[in-house]
Amino acid sequence: MKLDFKEKSPADFFSENMDVCGFDNPIRAIYTAVRELLENSLDACEAADVLPKVNLEIRKEGEGIYVIRIEDNGPGIPPEHVPESFGKIFYSSKYVMKQQRGRFGMGGTMAVMYGQITTQRPVHIVSMTEKQIADLKIKIDIIRNSPITEPENIWKAVKPNDTGKQGTTIELTLEGNYQRAREKILEYIKQTAMIAPYAEISFTEPDGSKHLYKREVEYLPPIPKEAKPHPRGVNLELFRRLMAKDPRSKVSNFLVKAFQSIGRKTSLEVLGKADVNPDKRVNKLGSEEIRRIVKSLRKHKGFRPPDASSLAPMGEEMFEAGIKRVLKSEFVKCIQRPPKAYEGNPFIVEVAIAYGGEIKVKEGEIKLYRFANRIPLLYDEWNDVSTRVLKRINWKRYGVKPGDPFAVFVHICSTNIPYKTLGKEYIANKPEIRREIYMGVLQVAREMRNYLNKLERKKKTEKALKTFMKYAETLTSLLSEAVEGINQDEIKGKLREIIVERLKVNEQ
Ligand SMILES: Nc1ncnc2c1ncn2[C@@H]1O[C@H](COP(=O)(O)OP(=O)(O)O)[C@@H](O)[C@H]1O
Ligand SMILES: [Mg+2]
């Protein structure tokens, strides 16, 4: 028998496995498409240091057919990159080591492909950079994993009076079930507003109802810097790729240049342990030597922790503002944990807690909001590392019980979020991350307990004062009957002063 060997392109593979990226069915698909497009817009604005303004609209085109239109004020996409950005799986401007929402180079493109498969319509993109405008209709050649652009595509130069109006508008037609996805989409937008209080987001539903989240803070989180890989996370493949970029250096210099946290001394020490001549050129290293260097790097104990400047946490103040913006809670407290690392990847955990306001909790439940690199995570909560942490907390100690109107918020920032699926919905149970979440939750829970205790004391004091004042009333009127010319108000005031003073003493 003669075997027939063929190759399958990434687009072809994913067109048959849409479910692994969140396009399982028309409900989930329309939600995921909105999500991927919104994430792309926010990523683009933030990377360009622009306060985002995003208009999102979903229109009904026919039975079960919808158009998603999204417009942002980001930097736009250079025309020559537009076709591939949306018509090729694994084409991305984000394959660098820093915190971003997108990472795989497939989210937006998967949405385009799903739209094409279910409606046969191209995606329509109008993108304006500082200099050029691209107005393109794109389909994907799935077999080849490459874009097909339509003949009427337009590229032109930006006219002088159009400068400063950069941004991208995308119109995507797809099969969906809006009615059943509605709740999740609204929740997603609401939580995005929470984690991005610096963004203005408007959303128009198919029936015309409008939702507007106005900007709450006028500054962006820090722009993350691109980092070099940390030696703790190195493997043979990564090492060979780095070697290929710098073949002519001496290996001792190469290690210093290619990795973070390696100085001259460490480099020599690592190479010494690996029994490799530090003066040897990179392209002269044998495979056995390379293996020994990688092993020695992974074993070395003295590295500084990974550089956290590739991360962009929200900051306590901004996170609190975001939560207040959406939930109107009377008490919100956020704390940011110090940078840590798992497997050579830096991460920062931010944990917040809120009490009261518009927090809706089901009986016996603890409300948990999860975010990763500023993406709200709405599915698969029971599997998530944060859920595991909440289960371990003895809430009674903090003056609350499941079902009370409080909510916990966990935001994890990393150059490499350990998602368990390509659909980016839940985070793996890494011990280092779990520990930081745990410590964070304990800290904010204590703050909430202090707040609740104070509140309780205040209530008690007020009640006691009320009772005392009733007696004071009787006392003064009895006095005024017995003693002539007495000033009732003065006496009442004096008594009140004394009582308030006493209660304050008791409070401590
Ligand atoms: N609204 C947008 N503004 C600017 N660039 C965008 C926008 N949407 C997508 N892009 C570009 O298209 C690329 C591909 O997007 P996508 O397929 O979602 O993958 P990823 O977001 O993982 O990179 C992005 O890396 C980005 O460069
Ligand atoms: Mg994306």
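How many salt bridges does a search of the whole structure find? The search finds 31. The model behind that count is predicted. This report starts with the salt bridges, then turns to open and enclosed spaces, the surface and some backbone details.

## Salt bridges

Side chains of opposite charge can pair when their charged atoms come close. Three pairs are set out here.

| Salt bridge | Closest N to O distance |
|---|---|
| Glu36 with Lys424 | 3.9 Å |
| Glu205 with Arg182 | 2.6 Å |
| Glu436 with Lys340 | 3.3 Å |

Take Glu36 and Lys424, joined in a salt bridge. Glu36 sits in helix H2, residues 26-47. Lys424 sits in the loop between strand S15 (406-414) and helix H12 (431-482). The two residues are 388 apart in sequence, so their pairing ties together parts of the chain that are distant in numbering. Glu36 is buried, and Lys424 is buried too.

Next come Glu205 and Arg182, whose side chains meet in a salt bridge. This pair links distant parts of the chain, 23 residues apart. Glu205 belongs to the loop between strand S8 (200-204) and strand S9 (210-213). Arg182 belongs to helix H5, residues 178-195. Is Glu205 buried or exposed? Glu205 has a relative accessible area of 3%, so it counts as buried. Arg182 has 30% relative accessibility and counts as partly exposed.

The third pair is Glu436 with Lys340. Here the link spans 96 residues, from Glu436 in helix H12 to Lys340 in strand S11 (residues 340-342). Glu436 counts as buried because its relative accessibility is 2%. Lys340, at 31%, counts as partly exposed.

Some salt bridges share partners. Which residues do they join into one network? The members are Arg35, Glu36, Glu39, Lys424 and Glu425.

## The largest pocket

The largest pocket holds about 1,000 Å³ of space. Its lining consists of 32 residues. Nearest the centre of this pocket lie Val96, Met97, Pro229, Leu238 and Arg241.

Which helix gives the largest share of the lining? Helix H6 does, with 5 residues. H6 covers 236-245. Helix H7 (251-258) also supplies at least two lining residues. By class, the pocket lining has 13 charged, 10 nonpolar and 9 polar residues.

## The cavity

The whole structure was also searched for cavities of 30 Å³ or more, and 1 was found. The largest cavity has about 180 Å³ of space. It is lined by 15 residues. Asp43, Glu46, Gln99, Pro224 and Arg374 are the closest of these to the cavity centre. The classes in the cavity lining are 7 nonpolar, 5 charged and 3 polar.

## A nonpolar surface patch

Met1, Leu3 and Phe5 form a nonpolar patch on the surface. Together they have about 490 Å² of accessible area. Phe5 is placed in the segment before helix H1 (10-16). Why does Phe5 count as exposed? Its relative accessibility is 71%, and the cut-off for exposed is over 50%.

## Backbone details

Two asparagines have a positive phi, each in a residue other than glycine. Phi of Asn145 is near 55 degrees. Asn145 lies in the loop between S4 and strand S5 (146-149). At 5% relative accessibility, Asn145 counts as buried.

Phi of Asn373 is near 45 degrees. Its loop runs between strand S13 (367-372) and strand S14 (375-377). Asn373 counts as buried, with 5% relative accessibility.

Asp141 is in strand S4, residues 132-141. Is Asp141 buried or exposed? Its relative accessibility is 18%, so Asp141 counts as buried; the cut-off for buried is under 20%. How far apart are the C-alpha atoms of Asp141 and Asp12? They are separated by 9.0 Å, while the two residues are 129 apart along the chain.

Conventions. Residues are numbered from 1 along each chain as its sequence is written. Chains are lettered from A and ligands numbered from 1 in the order in which they are written. This is a predicted model: local features need pLDDT of at least 70, side-chain atom pairs count only at pLDDT 80 or more; totals for chains, interfaces and linings use all residues. Side-chain values use heavy atoms; hydrogens and water are left out. On a 1 Å grid over the protein atoms alone, a cavity is a set of points where a 1.4 Å probe fits but cannot get out, and a pocket is an open set with protein on both sides within 12 Å along at least five of seven lines; lining residues have an atom within 4 Å of a point. Grid points are joined across faces, edges and corners, and a volume is the space filled by probe spheres set on the points. Helices (H or I, at least four residues) and strands (E, at least two) are DSSP runs, numbered from the N terminus. Ala, Val, Leu, Ile, Met, Phe, Trp, Tyr, Cys and Pro count as nonpolar, Asp, Glu, Lys and Arg as charged, and the others, Gly among them, as polar. Patches are made of residues with over 30% relative accessible area and no salt bridge: like charges are joined within 9 Å, nonpolar side chains (Val, Leu, Ile, Met, Phe, Trp, Tyr) within 5 Å. Accessible areas come from the Shrake-Rupley method with a 1.4 Å probe; for residues, only the protein chains shown count as cover. A salt bridge is a side-chain nitrogen of Lys or Arg within 4 Å of a carboxyl oxygen of Asp or Glu. Buried means under 20% relative accessible area, exposed over 50%, partly exposed in between (1.4 Å probe, protein chains only).
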